[in-house]
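Biologist: I have a new model to look at with you. Shall we go through it together, asking how each label is earned?

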Amino acid sequence: MTTDTGTTTAFNELVQSLRGQLILPDHPEHDTARRVYNGMIDRHPAAIARCRDATDVRACVEFARDRSIELAIRGGAHNAGGLGVWDDALVIDFSDMRSVALTPGDGTVRVDPGCTWADVDHATVPFGLAVPAGFVGSTGVSGLTLGGGVSGYLDRRYGLTVDNLVSADVVLADGSFVTASESSHPDLFWALRGGGGNFGVVTSFTFRSRPIGENGIIYGGPVLYDIDDTAEVMRWYREFQPAQPEDLSGWIGLGTIPPAPPFPESLWGRKTCLIVWCYSGPHDRADEALEPVRSFGSPLVVGIQAMPYSALTTAFDALYPAGLQWYWRADFFNEITDEAIEIHRAFGERLPTGHSTMHLYPIDGAAARVPSDATAFAYRDGGWAGVIVGVDPDPANRAAITSWTKDYWQALHPTSAGGAYVNFMMEDEGQDRVKASYRDNYARLAQVKRRYDPHNLFHVNQNIRSGD
């Protein structure tokens, strides 16, 4: 293990306890190591511990607890509010813990906490398997899973990411190391499935992977419409999608056609209403399932084709590299009302930058058949998880993308179900928003918090307070 010279002696004891690297503020890698996916975040932790194993994690937890040092947990660093780092905190950084092991016999896959979903897909898709997850391959496994795991592609068929979690190894606030599952610490297992990083530090996940397509080949891709067609497309989509077989799923959004191939140059920079489809069923039924989505309306582009599932889940990675400026707002929606459609149309016409966007991810089918109190993730009514994001590479546009996002959200929020997917929430939204996002499950989450983290060591998150 290494650290830099000439730094404070405060972390000397921790240095001796770690197999991994401790990066202090005067280390040449510190400025790079503290950066997260959202370039709007500029925080300065006291130390960053690149842990090698659960023993390193335990040493960090005990060190921070005993010295009342802030503790932050960095997995894939994609969190909307940049909560993987914090000013003056000790950061547990999982960058060096990225192994994935698929068990062929039962399809379970053990995943280290520093992995991205691209890492998982690399291990599973060639065998015709996948774990329902997000739609950007560079998203971290840890944060997405602990927040619930809305996919957009496989939720209707197989449920959320947490509905496919078998167990998790966890370092608790008291330094103990446990496995949480249906049969071991079931209250903790319940809370981890949507309750975020409030209860401990997960050092490995075991998921149940699911068969997709044929040998991992699905039919997927975008269908793009002119922004003027937004109202027509949304009215059709809100009725069409819930009525389809569960192996066909599409999320709908607003955006701008990127100025790059494979899009025709004549369409570059054009504002669009888009639906990105994934058909994961048998190929001999693909044409029948996809004919209505290929033929509806007057599309500018129909980009649906056969591809590995991993190609679909990484399709947006190049468009959204790390370091862009991001400002997020989110809500759940039980329905897409006519009032909401008019708001989407109006703000879609005013997209402030080429990267800014709005997405609605369906939560129905298998995801909605799970009772709302079966996991911490409570919004199981059959609707959509919505997110509005102002995004741009240039920090000079921060005010523009932030104000557009806030104005859009304020106009749309009255049509919502109340709370939001916690992975889409910024750091500063307040405790009432956290409570609304867990509905009646919040009281039970507070009880689990009292048992496993009574002093709120793990609070750099969408925090659940033991006293509530």
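Modeller: Happily! This is a predicted model, and its protein chain holds 15 helices and 19 strands.

Biologist: How do you know that the radius of gyration of the protein chain agrees with a compact globule?

Modeller: The rule takes 2.2 Å times the number of residues to the power 0.38. With 468 residues that puts a compact globule near 23 Å, and the protein chain has 22 Å, so the two agree. Along the principal axes, the C-alpha atoms fill a box of roughly 65 × 50 × 40 Å.

Biologist: What makes a residue count as buried here, under 20% or over 50% relative accessible area?

Modeller: Buried means under 20% relative accessible area. By that cut-off, 60% of the 468 residues count as buried.

Biologist: Why is a set of residues called a nonpolar core?

Modeller: Its members are buried residues of nonpolar kinds such as Val, Leu and Phe, joined through side-chain atoms within 4.5 Å. The largest such core has 83 residues, of which Y153, L188, L192, F207 and Y309 touch the most other members. Another core, of 38 residues, lies apart from it and includes Y237, A286, V293 and I336.

Biologist: Which residues does F207 touch, leaving out those up to four places away in sequence?

Modeller: Among them are G107, W117, V131, T161 and L165. Contact means heavy atoms within 4.5 Å. Across the protein chain, of the contacts between residues at least 6 apart in sequence, 72% join residues at least 24 apart.

Biologist: And what about charge?

Modeller: The protein chain has 38 positive and 58 negative side chains, with the centres of the two sets 3 Å apart.

Technical notes:
Residues numbered from 1 in each chain as written. Predicted model: local features only at pLDDT ≥ 70, side-chain atom pairs only at ≥ 80, totals over all residues. Heavy atoms only, no water. Buried < 20%, exposed > 50% of the residue type's maximum accessible area, 1.4 Å probe, protein only. Helix = DSSP H or I, 4+ residues; strand = E, 2+ residues; numbered from the N terminus. Lys, Arg positive; Asp, Glu negative; His and termini not counted. Charge placed at Lys NZ, Arg CZ, Asp CG, Glu CD.
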